[in-house]
Number of protein chains: 2
Amino acid sequence: MSGSHPQTKERPRSLEARIQEHLPELPSSERKLAELILDFPGELSAYNATELAKLAGVSKAAASRLFKRLGFRNFEQARRLVRDIKQWGSPIYLHERQQDSSPLPSEKQAFLDDHVTALTRTFDQLSAADIEAALQRIVDARRIWLVGYRNSYFMAAYARWQFIQFRPRVDLLPHPGETLGEHVTEFAPDDLLIAVGMRRRVPELDRVMQAAQERDMPVLYITDSLAGDKPFATWTLRCDISSSFLFHSYVGPMGLIHYLSVQAVRLTGKAGRLRLEDIEIAHEKMRDFDD
Amino acid sequence: MSGSHPQTKERPRSLEARIQEHLPELPSSERKLAELILDFPGELSAYNATELAKLAGVSKAAASRLFKRLGFRNFEQARRLVRDIKQWGSPIYLHERQQDSSPLPSEKQAFLDDHVTALTRTFDQLSAADIEAALQRIVDARRIWLVGYRNSYFMAAYARWQFIQFRPRVDLLPHPGETLGEHVTEFAPDDLLIAVGMRRRVPELDRVMQAAQERDMPVLYITDSLAGDKPFATWTLRCDISSSFLFHSYVGPMGLIHYLSVQAVRLTGKAGRLRLEDIEIAHEKMRDFDD
DNA sequence: TGGCCGCTGAAATCATAATTTCAGCGGCCA
DNA sequence: TGGCCGCTGAAATTATGATTTCAGCGGCCA
């Protein structure tokens, strides 16, 4: 965007590309280090030159010489390149990708890896006991209230959509044009509040949860792995939302809600399946769908 | 390394956990930095204390004090902790753990596999040309209109939330209490309509897309892999939503929207990043957040 | 064999990052 | 009001990491 980016002038080649290019002419100690870098498993930029040298079993001097020879002013410059390409990308770098004969093994792969890690951690962390209890309540509750603000709103919306597939009376709060207070007075002990609160949370969420607790209504709190405990939550389910890119990954919560939905239908048994069929028939009659 | 073998068995308290614990008692400048760290989506250990301080808008002294207060000997120790914990959570480690101690009950594994398959297929199928063009338009459009019904509504809501992080004028249609018609008259050639339409689509979606086309406004159509072509779509991006369970998996579309968001910010360049910072500052001023 | 050459790592030097000090500020309370 | 106290960032200090120097080594070839 800004007309004269300093980056624009520099050569946009990635560290790996530069290594590939120089590999044949590298002396042995530097090559040892270069090869270590090429199949380095973690985040290269999290390590300093001394550590890399030690890992490759060469001297610090060799490391320093390698980066010079690759055309960097110093090690620090290389480290930044690696880090910033991952975080911001560079328009030039991305553009180059299309023509490049041997492109980076598709950056898409890195996004995919991120999401898979988040999902795996989410499923791994789930508290079986809380899941069990919450599921039973999702099925038995007279009424379900869903609430989520900001980045959590769409997850509450997703949960609502799923839940109304197999049970009635699932409300997403607040309804447009209404304040929360109007609904809170309806909270009842045999209802369930599901509060979705990923960072960053707004104080309002606490107030809703507290209101539920004061009315003896259980609360299922769905949040991120790093969140502290909430005294108002009856059950807490945590999701990993970490990503190495600019925005968090919400595939974890999606997986969790999908899981809850499928298991809830199973628990519901025949009634839930019948409801699914009813909805289908109703739509059919109204010719709601395109295809 | 030094002679003693590192203790890989004990899981050390994470940096984030320590921050959560101390958050209430932190003075404002240190808290600002702590907040930044909690929200940090990238690889924290790739940054040094000076940079983090600058990003948070506090002095280096504050950074140094924060890590001391959190119980670390110094910043370096914290940085290593973050880096090494990441290794703990790496897919390889997670995989081993599944076989070893507490295996994921095989059914959770099956859910996980489903989502991973859906994500992989989604990323594999993406049309590079359409992505490229759509991205440019997401950045350049004067105004973006988002629409999605039924099961697609929450994805449109997610996309809106992401996009307003880096650009203004992103509308989710229809606004509560209004009909679509009122907005359609505002459609303009240099705007963009993003229509999310997973199975099963309602006829209304077609009408909106058609209206856009009639007004020479380009349309990005996000749909499922099995959908037929839409004559009203300028670009089409398809996601795999298949699942072996009762409900579809929508992690594919989530991954796609996440990808579009990250790449769009990159394209936007400095302007987008500045906007991210502005939003953060505005929130700070309004004391919008809980923690 | 002897001389050249480039490579190597240890150690010296240099550069930069992290920590500590310190003076000033602002809230709080007697 | 004045004195205390904890917070703050600029600047001084210290620690750590990176680079450069340098002596020694080993291959190569006349």
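**The surface near DNA strand D and a sheet in chain A**

In this predicted model, the surface near DNA strand D draws on both protein chains: α4 (49–56) and α5 (60–69) of chain A, along with α2 (28–39) and α4 (60–69) of chain B, each supply at least two of its residues. The top contributor is α5(A), which puts in five residues. Altogether, 17 residues surround DNA strand D, and the closest are A:Thr50, A:Ser64, A:Lys68, A:Asn74 and B:Ser29. On the DNA side, sugar and phosphate make up 63% of the strand D atoms that come within 4 Å of the protein. As for the mix of residues on this surface, six are nonpolar, seven polar and four charged.

A few polar contacts can be picked out here. A:Lys68 brings a polar side-chain atom to 2.7 Å from a phosphate oxygen of DNA strand D, while B:Ser29 uses a backbone N or O atom, 2.6 Å from a phosphate oxygen of that strand. A:Lys60 goes for a base instead: one of its polar side-chain atoms sits 3.4 Å from a base nitrogen of DNA strand D.

Chain A also has an open sheet of five strands, paired in parallel and ordered β2-β1-β3-β4-β5. Its edges are β2 (170–173) and β5 (235–239); each has just a single partner strand, so one side of each has no neighbour in the sheet. On average, neighbouring strands are turned by 20° against each other, ignoring direction. The parallel pairing of β1 (residues 144–148) with β2(A) runs over four bridges, and in it A:Ile144 has A:Val170 as its bridge partner. Helix α13 (residues 251–268) of chain A packs on the sheet, where it touches β4 (219–224) and β5, and its direction makes about 135° with that of β5(A).

Key:
Residues numbered from 1 in each chain as written. Chains lettered and ligands numbered in written order. Predicted model: local features only at pLDDT ≥ 70, side-chain atom pairs only at ≥ 80, totals over all residues. Heavy atoms only, no water. Near = heavy atom within 4 Å. Polar contact = N/O pair within 3.5 Å; in protein donor to acceptor, adjacent residues only side chain to side chain. Nonpolar A, V, L, I, M, F, W, Y, C, P; charged D, E, K, R; others polar. Pairing = 2+ DSSP bridges. Axes fitted to C-alpha atoms, helices over the stretch in contact; angles between N-to-C directions. Contact = heavy atoms within 4.5 Å.
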